[in-house]
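Subject: Structure handover

Hi,

Here is the structure I promised to pass on to you. Please have it open in your viewer while you read the notes underneath.

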Amino acid sequence: DFKGKLQTTFPKYSDNWDVTAYPNGQIFDKKSQRFYNSLFWDGTLYFPKEHYNYKTGFVISKNKLTSFLIEKLEFIGLNTSETNDFIQYWLPILEKNELNFIHFYVNSEYEQFSNNRIQPKPDTSIRVFMEFYGLEKPINLAEQKLLKTERKGFTLVEWGGSELSVPVNKLKN
């Protein structure tokens, strides 16, 4: 239940994904009759200006991005493979900036973007969404406190992110 408009999905999403997840992490899509390592979706969603009034976050220099992401994502609960996939996807985008503002939405906070309906319900869900923006100069912001999720049993992992189109420092004015 994405609260925006889906743009790209893989495998193709049509009202739902009818898949089976196996203990080794493989996902079998019944419609395409293919195995996948993950499901992919992206979309467009617009928030009111108040959404961007961050009280907490992180300001990270380009040369500290990798170690920062490893530390924070693994603390949240992603395993090494999931953390590596996240970093391989986002690092080339983040490294275009010498300095980045980063804010994470974790687990129930993610629900302001989307909700999942999964049967059977996972024993553990770890959902991470990163909003970021390149900064010209540091901003003063309290460090975000992140929650750790312990993995137990059948675990759903969902991660994503978005580069903000409005500069954070202009929103703070």
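Below is what I found, starting with one helix and moving on to aromatic pairs and backbone geometry. Please keep in mind that this is a predicted model.

**Helix α2**

I spent a good part of my time on α2, which covers residues 80–94. With 15 residues at 1.5 Å a residue, the helix should span 21 Å, and its end C-alpha atoms are 20 Å apart, which agrees. There is a kink, though: about 30° at Q88, shortly before the proline P92. At the start of the helix, N79 has a side-chain oxygen that comes to within 3.1 Å of the backbone nitrogen of S81.

Which residues of α2 are buried? They are E82, T83, F86, I87, W90, L91 and L94. The spacing will look familiar: an α-helix has 3.6 residues a turn, so residues three or four places apart point the same way. The cover over the buried residues of α2 includes another helix, α1 (65–76), along with the strands β7 (99–106), β8 (124–134) and β10 (155–163).

Two of these buried positions are worth a click:

- E82 has a relative accessibility of 16%, so it counts as buried. Its side chain makes a polar contact with the side chain of R151, at 2.8 Å. Leaving aside residues up to four places away in sequence, E82 touches G77, R151, V157 and W159.
- I87 is also buried, with a relative accessible area of 8%. Again setting aside residues up to four places away, I87 touches T66, L69, I70, L73 and P92. The C-alpha atoms of I87 and L65 are 9.0 Å apart, with these positions 22 residues apart along the chain.

**Aromatic pairs**

How many aromatic pairs does a search of the whole structure find? The count is twelve. One of them is F10 with Y36: the ring centres are 5.2 Å apart and the planes meet at 85°, so this pair is edge-to-face. It links distant parts of the chain, since F10 belongs to strand β1 (residues 5–10) and Y36 to strand β4 (residues 34–36), 26 residues apart. With a relative accessibility of 7%, Y36 counts as buried.

There is also an aromatic cluster made up of F86, Y89, W90, F132 and W159. Among its members, F86 and W90 appear in the list of buried α2 residues, and W159 is a contact of E82.

**Backbone geometry**

As you know, most residues other than glycine have a negative phi, and most peptide bonds are trans. Here are some exceptions to look at:

- The peptide bond between F10 and P11 is cis, with omega about -5°. P11 sits in the loop between β1 and β2 (19–21).
- Another cis bond runs from Q119 to P120, with omega near -5°. P120 is found in the loop between β7 and β8.
- N107 is in the loop between β7 and β8, and has a positive phi of about 50° although it is not a glycine.
- Q33 likewise has a positive phi, about 60°, without being a glycine. Its place is in the loop between β3 (27–29) and β4. Is Q33 buried or exposed? Its relative accessible area is 54%, so Q33 is exposed.

F10 therefore turns up twice in these notes, in the edge-to-face pair with Y36 and in the cis bond to P11.

Happy browsing, and do write back with any questions.

Best wishes

How values were computed: Residues are numbered from 1 along each chain as its sequence is written. This is a predicted model: local features need pLDDT of at least 70, side-chain atom pairs count only at pLDDT 80 or more; totals for chains, interfaces and linings use all residues. Side-chain values use heavy atoms; hydrogens and water are left out. Helices (H or I, at least four residues) and strands (E, at least two) are DSSP runs, numbered from the N terminus. The expected span of a helix is 1.5 Å times one less than its number of residues. The bend at a residue is the angle between axes fitted to the seven residues ending there and the seven starting there. Buried means under 20% relative accessible area, exposed over 50%, partly exposed in between (1.4 Å probe, protein chains only). Contact means heavy atoms within 4.5 Å. A polar contact is a pair of N or O atoms within 3.5 Å; within protein, one must be able to donate a hydrogen and the other to accept it, and residues adjacent in sequence count only if both atoms are side-chain atoms. Rings of Phe, Tyr and Trp (its six-membered ring) pair if their centres lie within 6.5 Å; planes under 30 degrees apart count as stacked, over 60 as edge-to-face and the rest as tilted.
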